[in-house]
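Open the model in your viewer and keep the selection box at hand. We will go stop by stop.

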Amino acid sequence: MIYTVTFNPSVDYIMNVNSLSSKDVNRAQSTTFYAGGKGINVSAVLSELGVKNKALGFLAGFSGKQIENMIHAENTEPDFIYLTSGCSRINVKIRTDKEIDINADGPEIGQQDINRLYKKLENVKTGDYLVLAGSVPASLPDNIYETIMKKFSGKGIRFVVDAAGSLLKNVLKYKPFLVKPNQYELGEVFSADIKTAEDAVKYAVIMQNMGAKNVLVSMGADGAVLAAENGTVYTAKAVQGQAVNTVGCGDSMVAGFLAGIICKNDYKYALRLGTACAAATAFSEGIAEKNQIENICKKTQLLS
């Protein structure tokens, strides 16, 4: 079983606008709602690929109910904790000649709420995957990922972390099964400027030596690099296409990689599927769908 945790879910309200003007009333040509949050995005792609998973985290208010309804519709099993006050955030994504993201603050999460999450995490068993993805709300301690991994280490749980900065660096000692920084996040950890696949490989291997079993580095239009637990380094070339969306691409890569490992236990296939999932989301208005992922996967090339 794969469990995902999203501390600060959202309703993502996407508005497509031909042009923006501060002088007139702007009218959207189309609008769409999605359940947002990095862990939720991972769950959505896993469900598209037919991989059973459960989404955990915190919801509040009317927007929280809407998020849960949307997750149900995506065939993901929700197991959220409802907060007693506030509302889950609504983020506005304006798509015009460029992307404009306006992200709201989420509701306050207290220690009692965190204790309820810990209780749910006691159900995660040996061999299960626990995905911790995204930034941490201001109401939570910034070492919450580290605290969770310390608390549940020794149970044989395969931790997956998609985070940046100290949030990522501080969990490496708990030997996560997978970390997935992008090239800029990887560079931030080492105060390095990562421009090429060779640069990414160099620092991914260093991150492995710091404790991570598998390091998957997303590089946008330049593809991806995987320093695998078996000691082999793989690189994948990105499929060319018209990118219309940058939200959820990295999350889609995480989901595809995990699906590939679970289905075939093959690192090369997992990298190919992860890269295809990221591209499929980039070419979509929202999170990629199964048929599109499968078509792109056939075109995805591994360079090594």
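The tour below visits a pair of helices, two cysteines, a strand residue and a helix residue.

This is a predicted model, so local features need pLDDT of at least 70, side-chain atom pairs count only at pLDDT 80 or more, and totals for chains, interfaces and linings use all residues. Residues are numbered from 1 along each chain as its sequence is written, and side-chain values use heavy atoms, with hydrogens and water left out.

**Stop 1: the helix pair**

Select residues 249-264, helix α8, and residues 267-282, helix α9. Helices (H or I, at least four residues) and strands (E, at least two) are DSSP runs, numbered from the N terminus. The axes of α8 and α9 come within 7 Å and cross at roughly 150°. Axes here are lines fitted to C-alpha atoms, for helices over the stretch in contact, and angles run from 0 to 180 degrees between N-to-C directions. The crossing angle therefore makes α8 roughly antiparallel to α9 (angles over 145 degrees count as such).

Now show side chains. Contact means heavy atoms within 4.5 Å. On the α8 side, look for M253, F257 and I261, among others. On the α9 side, the contact residues include Y267, L271 and C277. The residues of this contact divide into 13 nonpolar, six polar and one charged. Ala, Val, Leu, Ile, Met, Phe, Trp, Tyr, Cys and Pro count as nonpolar, Asp, Glu, Lys and Arg as charged, and the others, Gly among them, as polar.

**Stop 2: two cysteines**

Stay on C277 and add C297. How many disulfides does a search of the whole structure find? Zero. A disulfide is a pair of cysteine sulfur atoms within 2.5 Å. The sulfur of C297 is 7.5 Å from the closest cysteine sulfur, in C277, so the two are too far apart for a bond.

Are these cysteines buried or exposed? Buried means under 20% relative accessible area, exposed over 50%, partly exposed in between (1.4 Å probe, protein chains only). C277 is buried at 0%, and C297 is buried at 11%.

**Stop 3: V131**

Select V131, in strand β9 (residues 129-133). V131 is buried, with a relative accessible area of 1%. Leaving aside neighbours within four places in sequence, V131 is in contact with I2, Y3, T4, V5, V42, V160 and L258.

**Stop 4: D113**

Finish at D113, in helix α3 (residues 111-121). D113 counts as buried, at 13% relative accessibility. Not counting residues up to four places away in sequence, D113 touches F58, I81, L83 and E108.

Technical notes: Angles under 35 degrees count as roughly parallel, over 145 as roughly antiparallel, 65 to 115 as roughly perpendicular and the rest as oblique.
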